[in-house]
Structure formats: structure tokens, C-alpha cells
Amino acid sequence: MPPIILTAPERQQHLVDRLVKHVARLSGHTVTVIPISRAEDDTTKARIKRAGMGSNLFPCLQASGLRKAALLNRGQPFIWLEPDSIPLTPDWYDKLVAEYHRGNRPYMLSSDSHPPADL
């Protein structure tokens, strides 16, 4: 079964801790946490600023975290969570895995760009 992965920027550690506990209580699953140090976070922000991307830093930090998760899993499926994602039902994991298999694609990505169709 695909592991559940979450990156933990140091500044969001309290949110990460809360989510890990919530997942364990809700469904009994364990979350693999990949830390992002404050120095790495600051380096990412500086690189983004030099590239002229303005103040839109948080999505880029999470993109960096997603890349770390993908490298850790080396082409194997995984479930990616962000610190503010909140599973709501005890069967959330099973539903995601079933939907992934039903889609028969190398990856499944949710988006809230065009609600409600793609949520």
C-alpha cells in the first residue's frame, strides 16, 4: 500500500504534528515526515526571490517538499499530504487508493482550480 508522506517545514512543525496525530487517531495510519530545516526553507525563499517570483513562497516550498517525497519513493506510488490537509473519514486512505487504482494512471493529482468538478 502506498505510504503517506508529508514534508515538515520547521515553521509549520506544529501543524505537521497535529496532522500526524489526527491521521493516527482517525484511521490508524502512520505518516512519514520529511523535515525541511529553517536554513533550507530560507534558501528556497531566497532562490525564489532571486528568480523574480515575488512573495508567492509557500507553494514553492511545498513543491520542493513534493519533489523530496518523489525522490524518496523513486517512482512508487505515495499519498502526499500538506500540513493543512485534513482527512475527514476513517476510510479516507482506502478511498484514495481505490480511486488511484480505478484511474489506472501513473499519478493522481487533485486540484481546487475548477471546483467542484476537480475536488
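## Salt bridges

D91 is partly exposed, with a relative accessible area of 31%. In this predicted model, D91 forms a salt bridge with K95. The closest N and O atoms of the pair are 3.6 Å apart. That distance counts because the cut-off for a salt bridge is 4 Å. K95 is exposed, at 51% relative accessibility. The cut-off for exposed is over 50%, so K95 falls on the exposed side of it.

A salt bridge also links R102 and E99. Here the N to O distance is 2.5 Å. Where do R102 and E99 sit relative to each other in helix α4? They are 3 residues apart, which means about one helical turn separates them. Helix α4 covers residues 92–103. R102 is exposed, at 63% relative accessibility. E99 is partly exposed, at 34%. The count of salt bridges comes to 2.

## The chain in outline

How many helices and strands does the chain have? There are 4 helices and 3 strands. Read along the sequence, they follow the pattern β-α-β-α-α-β-α. The pattern starts with a strand and ends with a helix.

The chain has 119 residues, and 27% of them are buried. Now take the contacts with a separation of 6 or more. Residues 24 or more positions apart account for 68% of these. The chain exposes about 8000 Å². Carbon and sulfur atoms supply 57% of that area.

## The sheet

The 3 strands form an open sheet. Their order is β2-β1-β3, and the pairing is parallel. Which strands stand at the edges? They are β2 (31–36) and β3 (79–81). Each has a single partner strand, so one side of each is left without a neighbour in the sheet. From one strand to the next, the twist averages 25°.

Strand β1 spans residues 4–9. It runs parallel to β2, and 6 bridges join the two. One place to look is A8, whose bridge partner in β2 is P35.

## Helices against the sheet

Helix α1 (residues 13–27) lies across β1, β2 and β3. It runs at about 160° to β1. Helix α4 packs on the sheet too, touching β1 and β3. The direction of α4 makes about 130° with that of β3.

## The nonpolar core

In soluble globular proteins, nonpolar side chains tend to be buried together. The largest nonpolar core of this chain has 12 residues. Among them are I4, L6 and A8. V16, L19 and V23 belong to this core as well. The core also includes V31, I79 and L81, along with W92, Y93 and V97. Which elements each supply at least two residues of this core? They are β1, α1, β3 and α4.

V97 is one of the core residues. Leave aside residues up to four places away in sequence, and V97 touches M1, P2 and I79. I79 is itself in the core.

## T7 in strand β1

T7 lies in strand β1. Is T7 buried or exposed? T7 is buried, with a relative accessible area of 0%. The cut-off for buried is under 20%, so T7 meets it.

What does T7 contact, leaving aside its neighbours within four places in sequence? The list is V16, I34, I36, Q62, G65, W80 and P83. V16 also belongs to the largest nonpolar core.

## Two residues with positive phi

R74 is found in the loop between α3 (58–73) and β3. Phi of R74 is near 45°, a positive value in a residue other than glycine. R74 is exposed, with a relative accessible area of 65%.

N104 has a positive phi as well, near 50°, and is also a residue other than glycine. Where is N104 placed? It is in the segment after α4. N104 is exposed, with a relative accessible area of 68%.

Notes: Residues numbered from 1 in each chain as written. Predicted model: local features only at pLDDT ≥ 70, side-chain atom pairs only at ≥ 80, totals over all residues. Heavy atoms only, no water. Salt bridge = Lys/Arg side-chain N within 4 Å of Asp/Glu carboxyl O. Buried < 20%, exposed > 50% of the residue type's maximum accessible area, 1.4 Å probe, protein only. Pairing = 2+ DSSP bridges. Axes fitted to C-alpha atoms, helices over the stretch in contact; angles between N-to-C directions. Contact = heavy atoms within 4.5 Å. Areas by Shrake-Rupley, 256 points an atom, 1.4 Å probe, with all protein chains shown as cover. Core = buried A, V, L, I, M, F, W, Y, C linked by side-chain atoms within 4.5 Å.
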